[in-house]
Amino acid sequence: MMKKIMLSAVLTLLLSVTTTLATAGGLELSLSNDTANLVVHLDPEQVYNRAGGSDISVGVFTNEIGDNLLHATLMARGMRQFATGQSNLAAGIKIIGGDLDIDESVGALAIGFQASLLVAPSEFNPVDFIVEGFFAPGISSFADAEKFSEIGARLQVEIVPAAHAYLGYRRMNFDTNDFENLMLDRSVHVGISVRF
């Protein structure tokens, strides 16, 4: 039953992605040897202009062993300017759910943060260092999930004003009713994000 729900949710997401690309703000893809994560940013204009505001995104995560998850994130952002650079801070929520290869269905509503620091200011190719984390305890985990956590970091360079490339690390895991510390991702990945 959950697999049918997951399949229809993926199809709905793909349909909504194709119909909203004209109004979407950006697309992001990160890949490692064992994982893929595709994210559609619905309004990243605020983020790329570093003016603060909000960022809404939806995405799909999959890995080589057969774990498939859908996720949506809402982040509120703020920017601080310094004499030598700037930093961005964000806080928000992430809802994530899907099917794991071990025949467990998981879901969670997580709270999280993101912090970025401009480490190499440049007129042409600025470099940012970004860290983020999300956590959902038992009270906001559902289906077979007992707990969810995700942490990540990346070094990002602006190739052109509308595109960023990055090298990152992500660690994502669930605790379920029957299993502890199910690692969905623990790898270095490369990615690119493009603004429309």
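Contacts between residues 24 or more positions apart make up 49% of the chain's contacts with a separation of 6 or more. The model is a predicted one, and its chain holds two helices and eleven strands. Read from the N terminus, the order of elements is α-β-β-α-β-β-β-β-β-β-β-β-β. Of the 196 residues, 44% count as buried. The accessible surface of the chain is about 10300 Å², and carbon and sulfur atoms supply 65% of that area.

The interior is a good place to start. The largest nonpolar core has 17 residues, and the members that touch the most others are Leu69, Ile96, Phe148, Met172, Phe174 and Leu184. Two or more residues of this core come from each of E4, strand E5 (86-100), strand E6 (104-120), strand E7 (127-136), E9, E10 and strand E11 (182-195).

Phe174 shows how such a core residue is surrounded. Neighbours within four places in sequence aside, Phe174 is in contact with Leu69, Ile96, Val106, Gly107, Ala108, Ala145, Lys147, Phe148, Glu180, Asn181, Leu182 and Leu184. Among these partners, Leu69, Ile96, Phe148 and Leu184 are also named with Phe174 as the core members that touch the most others.

One of those contacts also involves two rings. The chain has one aromatic pair. The ring centres of Phe148 and Phe174 lie 4.8 Å apart with the planes at 45 degrees, and the pair is therefore classed as tilted; an angle under 30 degrees would count as stacked and one over 60 as edge-to-face. The pair joins distant parts of the chain, since Phe148 belongs to strand E9 (residues 145-160) and Phe174 to strand E10 (residues 163-176), with their positions 26 residues apart. Phe148 and Phe174 are both buried.

Two other rings have a charged side chain over them. Lys94 lies over the face of Phe134, 5.0 Å from the ring centre. Arg154 is placed over the face of Tyr166, at 4.0 Å from the ring centre.

Another arginine has polar partners. Arg77 is part of strand E4 (residues 68-81). Is Arg77 buried or exposed? Its relative accessible area is 18%, so Arg77 is buried, the limit being under 20%. The side chain of Arg77 makes polar contacts with two other side chains: that of Asp55 at 3.5 Å and that of Gln114 at 2.5 Å.

The loops between strands hold two residues with a backbone angle worth noting. Most residues other than glycine have a negative phi. Asp103, which is not a glycine, has a positive phi of about 60 degrees. Asp103 sits in the loop between E5 and E6, and it counts as exposed because its relative accessibility is 63%, where exposed means over 50%.

Asn181 is the other case. Its phi is near 55 degrees, again a positive value in a residue other than glycine. The loop between E10 and E11 contains Asn181. With a relative accessible area of 42%, Asn181 is partly exposed. Asn181 also leads back to the interior, as one of the residues in contact with Phe174.

Note on methods
Residues are numbered from 1 along each chain as its sequence is written. This is a predicted model: local features need pLDDT of at least 70, side-chain atom pairs count only at pLDDT 80 or more; totals for chains, interfaces and linings use all residues. Side-chain values use heavy atoms; hydrogens and water are left out. Helices (H or I, at least four residues) and strands (E, at least two) are DSSP runs, numbered from the N terminus. Buried means under 20% relative accessible area, exposed over 50%, partly exposed in between (1.4 Å probe, protein chains only). A polar contact is a pair of N or O atoms within 3.5 Å; within protein, one must be able to donate a hydrogen and the other to accept it, and residues adjacent in sequence count only if both atoms are side-chain atoms. Rings of Phe, Tyr and Trp (its six-membered ring) pair if their centres lie within 6.5 Å; planes under 30 degrees apart count as stacked, over 60 as edge-to-face and the rest as tilted. A charge sits over a ring if NZ of Lys or CZ of Arg is within 6 Å of the ring centre and within 35 degrees of the ring normal. Contact means heavy atoms within 4.5 Å. Accessible areas come from the Shrake-Rupley method with a 1.4 Å probe; for residues, only the protein chains shown count as cover. A nonpolar core is a set of buried Ala, Val, Leu, Ile, Met, Phe, Trp, Tyr and Cys residues joined through side-chain atoms within 4.5 Å.
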